[in-house]
Amino acid sequence: MRHSFDTLAIHAGREDLPELGVHALPLDLSTTNPMSDPEQGGESLGSMAMGAKPGDGGSVYARLHNPTVARFESALARLEGAEESVAFGSGMAALTALLMAAKQRGGHMVAVRPMYGSADHLIASGLLGMEVSWSAPDEISSHIRPDTSLIYVETPANPTLKLLDVEAVVKQAKGIPVAVDATFATPVLLRPIAHGATLVLHSATKFLGGHGDVIAGVIATNGEWATLLRQMRVVTGALLHPLGGYLLHRGLSTLPIRVRAAQEVARILAKRLAEHPAIEKVFYPELPGCDPEGLVGRQMKGPGSLLSFEMKGGYPAACELLRSVKLATPAVSLGSVDTLIQHPASMTHRVVAPEAKLAAGITDSLVRLSVGLEDPEDLWADLAGALDRAAAAR
Ligand SMILES: *Cc1c(COP(=O)(O)O)cnc(C)c1O
């Protein structure tokens, strides 16, 4: 039976629970597993070390496989319309495994800025042996070389909310796998695989967990890439703790309603912020000029609940705003049930090369807001009061 996305978010990965006689997700904290047969156990270990799923010999050891994490992975894959997904101990561990896997197929990648600051930092560092060509979204094909093994993009981009046409990127990629960091969108608003992407990366720390209590990453993809990624995870030990898998899976059941409800609050705040005299410009996909290609509606189901804005008065005004808010929390991270506010240039994107920051519009005046599920009137009162104080301090 085919179910809608919202139904799947609640039921995927739980199909066998009635058979097990349980209703909540089982949490398996075992680090090692008894082997019924040593020969089969050994064979299972050998194939899992190469990225396979457990064979008849079972899970063997939790760095190789954990059933609680695997349940979350199967559920997330369903939501992304992917064959499989592979979870990691953080979004950055997921990106690390992806770069290491891509390196096996060729030492060059093409990437589009802006993106999450630490992702930019890792890719620009060349630490994992991948050479990068930074490209404008419409010049990707001109950077492709015989050893190009990966095209890496992020949409909506952190922190400017710039949107990218995934299908246009795939068209330019000439068959080279396209990976999309869709952390800001979640599968509720964007399913990149349906638009031709091969891999979708999430910092599951953000919306998928949704409550600010799990650091995790996940990549949804086809079976071939999933095998490579699992191999990297086994070899490097970049695994997700089962409790994290449990919490993420639980988080999926409320993901659609959390994302849509936060989006409604963000819509209200974006409009009001755009009219506030202390603000120069608001970046939110639904505001005039922010989505020139009309991707909201065509590619994305909605604008989401992240927005950023430029303050009049630059860094001092931004600092004053962060010091003055009382309901919103001045903190990095995003996608939590509560509202978080931060200054990208000095925090999340501090590690990005200055000229790249400038070119992407990550200025000292820019503030990023991750809108939560609070009452919009309470949030507005908090923000408007803090903006007035920031303006008065100028
Ligand atoms: C936070 C974030 C990451 C990194 O994820 P961690 O879980 O912090 O390692 C990657 N991409 C985006 C868009 C993010 O916001």
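## Exercises on a predicted model

T186 is buried, its relative accessible area being 1%. The structure is a predicted model, and the exercises below start from this residue.

### Exercise 1. Two residues with positive phi

Determine where T186 and L161 lie, and state what their backbone and their accessibility show.

*Solution.* Begin with T186, which belongs to helix α9, a helix made of residues 186–189. Its phi is positive, at about 60°, although T186 is not a glycine. Because buried means under 20% relative accessible area, the 1% of T186 places this residue in the buried class.

Turn next to L161, which is found in the loop between β4 and α8. The phi of L161 is near 65°, again a positive value in a residue other than glycine. With a relative accessible area of 3%, L161 is therefore buried.

### Exercise 2. Cis peptide bonds

Identify the residues joined by the cis peptide bond that leads to P114, and do likewise for the one that leads to P156.

*Solution.* The partner of P114 is R113, and the omega of the bond between them is about 0°. P114 sits in the loop that connects β2 (108–112) with α6 (117–125).

In the other case the cis bond runs from T155 to P156, with omega near -15°. P156 has its place in the loop between β4 (148–154) and α8 (166–172), and L161 of the first exercise also lies in the loop between β4 and α8.

### Exercise 3. The surroundings of the ligand

Describe the shell around the ligand by its nearest residues, by its classes and by the polar side-chain atoms that approach ligand oxygen atoms.

*Solution.* As a first step, take the 13 residues around the ligand, of which M92, D181, S203, T205 and K206 come nearest. Sorted by class, the shell consists of four nonpolar, six polar and three charged residues.

As a second step, examine the distances to oxygen atoms of the ligand. For T205, a polar side-chain atom lies 2.6 Å from such an oxygen; for N158, the corresponding distance is 3.4 Å; and for K206, an N or O atom of the side chain is 2.7 Å from an oxygen atom of the ligand. The ligand on its own has 380 Å² of accessible area, and the protein covers 93% of this.

### Exercise 4. The two largest cavities

State how many cavities of 30 Å³ or more the structure holds, and then characterise the largest and the second largest.

*Solution.* The count is four. The largest cavity encloses about 80 Å³ of space, and its lining is formed by A62, R63, L64, H65, N66, V69, A70, E73, R233, L239 and L240. Divided by class, these lining residues are six nonpolar, two polar and three charged. Helix α4 (residues 67–80) provides the largest share of the lining, namely three residues.

The second largest cavity has a volume of about 50 Å³. Around it stand F207, R258, V259, A262, S305, G335, S336, V337, V371 and L373, a lining with six nonpolar, three polar and one charged residues.

Two of these lining residues, A262 and V337, can be followed further. A262 is part of helix α11 (residues 242–275), and its relative accessibility of 4% is why A262 counts as buried. Although 75 residues separate A262 from V337 along the chain, their C-alpha atoms are 8.0 Å apart.

### Exercise 5. R71 and V351

Decide whether R71 is buried or exposed, find the partner of its side chain, and then place V351 in the chain and in space.

*Solution.* R71 lies in helix α4, the helix that gives the largest share of the lining of the largest cavity. Because its relative accessibility is 13%, R71 counts as buried. The side chain of R71 makes a polar contact with the side chain of D16, at 2.8 Å.

V351, by contrast with the helical R71, is situated in the loop between β11 (340–342) and α14 (354–360). Its relative accessible area is 40%, so V351 is classed as partly exposed. In sequence, V351 and S118 are 233 residues apart, whereas from C-alpha to C-alpha the separation is 6.7 Å.

Conventions
Residues numbered from 1 in each chain as written. Predicted model: local features only at pLDDT ≥ 70, side-chain atom pairs only at ≥ 80, totals over all residues. Heavy atoms only, no water. Near = heavy atom within 4 Å. Polar contact = N/O pair within 3.5 Å; in protein donor to acceptor, adjacent residues only side chain to side chain. Areas by Shrake-Rupley, 256 points an atom, 1.4 Å probe, with all protein chains shown as cover. Nonpolar A, V, L, I, M, F, W, Y, C, P; charged D, E, K, R; others polar. 1 Å grid on protein atoms, 1.4 Å probe; cavity = no way out; pocket = protein on both sides within 12 Å on 5 of 7 lines; lining within 4 Å. Points joined across faces, edges and corners; volume = space filled by probe spheres on them. Helix = DSSP H or I, 4+ residues; strand = E, 2+ residues; numbered from the N terminus. Buried < 20%, exposed > 50% of the residue type's maximum accessible area, 1.4 Å probe, protein only.
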